[in-house]
Amino acid sequence: MANDASTVFDLVILGGGSGGYAAALRGAQLGLDVALIEKDKLGGTCLHRGCIPTKALLHAGELADQAREGEKYGVKSTFEGIDMAGVHKYKDGVVSGLYKGLQGLVASRKITYVEGEGRLSSPTSVDVNGQRYEGRHILLATGSVPKSLPGLEIDGNRIISSDHGLHLDRVPESAIILGGGVIGVEFASAWKSFGTDVTIVEGLPHLVPAEDENSSKLLERAFRKRGISFSLGSFFEKAEYTDNGVKVSLANGKEYEAEVLLVAIGRGPVSQGLGYEEAGVAMDRGFVLADEYCRTNIPTVSAVGDLIPTLQLAHVGFAEGILVAERLAGLNPVPVDYDGVPRVTYCHPEVASVGVTEEKAKEIYGADKVVTLKYNLAGNGRSKILNTTGEIKLVQVRDGAVVGVHMVGDRMGEQVGEAQLIYNWEALPAEVAQLIHAHPTQSEALGEAHLALAGKPLHSHD
Ligand SMILES: Cc1cc2nc3c(=O)[nH]c(=O)nc-3n(C[C@H](O)[C@H](O)[C@H](O)COP(=O)(O)OP(=O)(O)OC[C@H]3O[C@@H](n4cnc5c(N)ncnc54)[C@H](O)[C@@H]3O)c2cc1C
C-alpha cells in the first residue's frame, strides 16, 4: 500500500451518512481539515433508503386516502389508483433535490470528499482505492443494513427488505410485514393507503413495542379500523414460496399467505471486513462499542450512528457526529441524553414521543411517584377538523417535571418539537400551562394536557 498522501488530516471519516457527514460539516466549520470517505452516495441510508423516501411514500398514501374520502368534506373526488412510476418520480425528485443540496454543502465547506470503499488500516489511517488517508483522528460511521433471520433469504423479489420496498414497480395486492417496529408499521401504513391488503407479524405483544403501551394500543385500534391486520405475540417460524407468493408460518401454528413478504425485523451494523477488529476496536455482535462521548477503546478512533448501539435515528447520528467534531476541535460538548431524543413513527396516525414511558418512569422513580394524564384529541378543534383521533399522554414525577410525552394522531409528529423542549428543560406542568397556544392548532392539545395536569383543565373534564 503506497503511502503517498502527504497530508495528515485532522479527521478522516469512514461513511458519509447522517453521522459521518454531520461530523464532517461541523468539523470543517470549526477549522478541522476533514476527509470524508463514501462508497455509495453521500447522505447514506436516511436520504437514499430511509427517512426521506419512506416519508414521500407515506405522503403519497395520505393523498390517496384523501382522494377516497373527499366526500366526507363535501369535495367531489374519486380515487382512480396509484401510478407507481409517478410516485417514484415524485419521491426521487425529493431525494435528488436534497442530495444536490448536500453535495453542494460538503463542497462549500472544503471537505476532501473521497469516493470509494474504505478500510481501517491502522488506528490513524484508512485505505481507499490503493491510497492511504492518514488522520490524527478517525471516525467510524459505516451505518447499518437490513437484517434477516437464519433460513430466511431476502431475494429482492418476493421476500424483500425496506431497500427493495422503496423501489417496487407495482402496488402488491397483498403483503406480510415481518416486524411491527417503526419501519414495519410505516410500510404497512403506506401500502394500505395504496390499496394493498396488509398483515403485520410481530413477535412481541404490541406494535411499536418500544413506545409507551398506551401509544401501541391506540395505534393498534387505529390500524384495525383501517383494515390493517396484525398478529401479535407469536414468532416467525418459516417462509415458503407458493405459486403466487409466499407463505409464512408462525410458532403458534398460524399461517399467512401474500404476494410479498417484507422483512423489517431491524438493522445490523456494517462492520465486517473493514479492519476494525484487526485495529483492536472493541465490538459486540458487530456493533462498535463507544462511550457517551462516542470514543472507542482506541484513543484515536471514535464511532457514531447506527454502527454503535444507540437509537438508530438520523438525528441521533447528526448529534453524535457533531459531538465528535466539537470534542476534537477542543470544545466541551455534553453527551447526548438519549431519553431526550424525539421519536416519530410517520404512519397514519402518527406516533410521537420523547422522554420515558410510564413503565420506565415507575422503574426509575418508584410507582407511587409517577403521575400520568391522558388528553383526548376529541377535545382539540384542529384535530377534529383534520378528522383525526388519538391522545396525548403525559408522564410526570409527582410534584415535579414532565418526564414523558407520548402522542398518537395525524400530524402529531410536528408537535414533538415542543414536547422535547418540555422534557429537556425539565418543565413543570404549571410552567407549560402558563404558555399560550394558538387556537385552533394541534399544539393546543399539548397546552391543554398540561393545563389539566396542573389542575386547571379547560376543554376537558376534571
Ligand atoms: C426505511 C427506513 C426508514 C427510516 N426512517 C427514519 C426516520 O424517519 N427518521 C430517522 O431519524 N431515522 C430513520 N431511519 C434511520 C436512519 O436512516 C439511520 O438511523 C441513519 O441513516 C443512520 O446514519 P449513519 O450515518 O449511522 O448510517 P448510514 O446512513 O447507513 O450511512 C453509512 C454510510 O457509510 C457508507 N459505508 C459503509 N461502509 C463503507 C466503507 N467501507 N467505505 C465507505 N463508505 C462506507 C454507506 O454507503 C453509507 O452511506 C430510517 C431507516 C430506514 C431503513
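## Sheets, cores and domains of a predicted model

In β24, Met407 is the bridge partner of Ile392. This is a predicted model. The pair belongs to a ladder of 6 bridges that joins β23 to strand β24 (residues 402-408), and the two strands run antiparallel.

The wider sheet is open and has 5 strands, in the order β20-β21-β24-β23-β22. Its pairing is antiparallel. β20 (343-345) and β22 are the edge strands, and each pairs on one side only. Neighbouring strands of this sheet are turned by 10° against each other on average, direction ignored. Helix α9 (residues 358-365) lies across β22, β23 and β24. Its direction is at about 160° to β22.

Strand β21 (residues 351-355) contains Gly355. Is Gly355 buried or exposed? Gly355 counts as buried because it has 26 C-beta neighbours inside 10 Å, and the cut-off for a buried residue is 20 or more. Leaving out residues up to four places away in sequence, Gly355 touches Asp339, Gly340, Val395, Val403, Gly404, Val405 and Tyr423. Asp339 is 16 residues from Gly355 along the chain, yet their C-alpha atoms are separated by 4.8 Å.

Helix α13 (residues 443-453) is mostly covered, with 11 of its 11 residues buried. Among them are Glu444, Glu448 and His450, along with Leu446, Leu451 and Leu453. What do the buried residues of α13 pack against? Their partners are strands β22 (370-376) and β23 (391-397) and helices α10 (381-385), α11 (416-424) and α12 (429-434). Just after α13, Gly455 takes a positive phi of about 90°.

Another set of antiparallel strands runs from β12 to β14. The pairs compare as follows.

| Strand pair | Bridges | Hairpin link | Residue pair |
|---|---|---|---|
| β12 (residues 236-241) and β13 (residues 246-250) | 5 bridges | 4 residues | Tyr241 and Val246 |
| β13 and β14 (residues 255-258) | 4 bridges | 4 residues | Val246 and Ala258 |

Val246 in β13 thus appears in both rows: it stands opposite Tyr241, and its bridge partner in β14 is Ala258. In the turn between β13 and β14, Gly253 has a positive phi of about 95°.

Next come the nonpolar cores. The largest has 73 residues. Those with the most contacts inside it are Ile176, Ile177, Leu178, Ile200, Leu261, Leu262 and Val405. Helix α6 (residues 182-194) gives the largest share of this core, 8 residues. Ile177 touches Gly184, Phe187, Ala188, Val198, Ile200, Val201, Leu262 and Ala264, not counting residues up to four places away in sequence. Apart from this core lies another, of 53 residues, among them Leu25, Ile111, Tyr133 and Leu313. In soluble globular proteins, nonpolar side chains tend to be buried together.

The domain assignment gives domain 1 (9-144 + 269-328), domain 2 (159-265) and domain 3 (349-453). How far apart do the C-alpha centres of domain 2 and domain 3 lie? They are 29 Å apart. The contact takes 8 residues from domain 2 and 11 residues from domain 3. On the side of domain 2 that touches domain 3, the residues divide into 4 nonpolar, 2 polar and 2 charged.

How values were computed. Residues numbered from 1 in each chain as written. Predicted model: local features only at pLDDT ≥ 70, side-chain atom pairs only at ≥ 80, totals over all residues. Buried ≥ 20, exposed ≤ 12 C-beta atoms within 10 Å, placed from the backbone. Contact = placed C-beta atoms within 7 Å. Core = buried A, V, L, I, M, F, W, Y, C linked by C-beta atoms within 7 Å. Domains from an automatic or database assignment. Nonpolar A, V, L, I, M, F, W, Y, C, P; charged D, E, K, R; others polar. Pairing = 2+ DSSP bridges. Axes fitted to C-alpha atoms, helices over the stretch in contact; angles between N-to-C directions.
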